[in-house]
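Hi,

Here is the model I said I'd pass on to you. Have a look at it first, and then read my notes underneath.

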Amino acid sequence: IPTPPQDPNVIAGMVVDSQGNIVDNAIVTIKDSNGNVARAQKTNKIGQFFIVTPLLNGEYDIEVEREGLAFDIIKIKLEGKLVPPIEIRSK
């Protein structure tokens, strides 16, 4: 799990498969409540992702795509507070 962000409304996390193995090059998309893409990036070689610029307060969906794996959509509500790192595990 990456180091917790130091700024409010910054999201960081790690993507792993169902056995807990690192998933690199997974596409992580953060969408706002209207379905618009707010941020998108790939996980690094150790399965971590993090956004640098804080998001606005509100509700977001975090979607992960990686060939051969399926993930649930993670819902998160940002309220101007620090967000602990998120582990996203495949089904």
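Let me start with a pair on the surface: the side chains of K77 and E79 meet in a salt bridge, at 3.9 Å from N to O. K77 is exposed, with a relative accessible area of 54%, while E79 comes out as partly exposed at 45%. The pair is also part of something wider, since salt bridges with shared partners join K77, E79 and K81 into one network. Before you zoom in, do keep in mind that this is a predicted model.

Searching the whole structure turns up seven salt bridges. Two others are worth a look. K31 forms one with E63, and the closest N and O atoms there are 3.4 Å apart. K31 sits in strand β2 and E63 in strand β5, so this pair ties together parts that are 32 residues apart in sequence. As for its surroundings, K31 is partly exposed, with a relative accessible area of 23%.

The other is D72 with K91, where the closest N and O atoms are 3.1 Å apart. Here too distant parts of the chain are linked: D72 is in the loop between β5 and β6, K91 is in the segment after β7, and 19 residues separate them. D72 counts as partly exposed at 48% relative accessibility, whereas K91 counts as exposed at 62%.

Now the sheet. What is the order of the strands? It is an open sheet of four strands, β3-β2-β5-β6, with antiparallel pairing. β3 and β6 are the edge strands, each pairing on one side only. From one strand to the next the twist averages 20°.

If you want one strand to follow through the sheet, take β2. On one side, five bridges join β2 to β3 (residues 37–42), and these two strands run antiparallel. β2 also pairs with β5, again in the antiparallel sense, over six bridges. V28 shows both pairings: its bridge partner in β3 is Q41, and in β5 V28 stands opposite V64. I27 stands opposite K42 in β3. β2 and β3 form a hairpin with four residues between them, and G35 in the turn has a positive phi of about 85°.

Next, the inside. The largest nonpolar core has 19 residues, and I11, V15, I62, I76 and I88 are the members that touch the most others. Four strands each supply at least two residues of this core: β2 (27–32), β5 (58–65), β6 (74–78) and β7 (86–89). Of the strands, β5 gives the most, with three residues. I88 is a good place to centre your view. Leaving aside neighbours within four places in sequence, I88 is in contact with M14, V15, V16, F49, I62, V64, F71 and I74.

T43 caught my eye as well. You'll find T43 in the loop between β3 and β4 (48–50). Is T43 buried or exposed? At 3% relative accessibility it counts as buried, because the cut-off for buried is under 20%. The side chain of T43 reaches the backbone nitrogen of N25 at 2.9 Å. Apart from neighbours within four places in sequence, T43 is in contact with V15, V23, D24, N25, A26, V28, Q48 and F49.

That brings me to N25 itself, and to a point about the backbone. Most residues other than glycine have a negative phi. Which residues here go the other way? N25 is one of them: its phi is near 55°, a positive value in a residue other than glycine. N25 lies in the loop between β1 and β2 and counts as partly exposed, at 43% relative accessibility.

N9 is another, with a positive phi of about 60° although it is not a glycine. N9 lies in the segment before β1 (12–16). In contrast to the partly exposed N25, N9 is buried, with a relative accessible area of 4%.

If you only have time for a short tour, I'd suggest these stops: I88 in the core, with V15 and I62 among its contacts; V28, opposite V64 in β5; and T43, whose side chain reaches the backbone nitrogen of N25.

Cheers

Notes:
Residues are numbered from 1 along each chain as its sequence is written. This is a predicted model: local features need pLDDT of at least 70, side-chain atom pairs count only at pLDDT 80 or more; totals for chains, interfaces and linings use all residues. Side-chain values use heavy atoms; hydrogens and water are left out. A nonpolar core is a set of buried Ala, Val, Leu, Ile, Met, Phe, Trp, Tyr and Cys residues joined through side-chain atoms within 4.5 Å. Buried means under 20% relative accessible area, exposed over 50%, partly exposed in between (1.4 Å probe, protein chains only). Contact means heavy atoms within 4.5 Å. A salt bridge is a side-chain nitrogen of Lys or Arg within 4 Å of a carboxyl oxygen of Asp or Glu. Two strands pair if DSSP finds at least two bridges between them. Axes are lines fitted to C-alpha atoms, for helices over the stretch in contact, and angles run from 0 to 180 degrees between N-to-C directions. A polar contact is a pair of N or O atoms within 3.5 Å; within protein, one must be able to donate a hydrogen and the other to accept it, and residues adjacent in sequence count only if both atoms are side-chain atoms.
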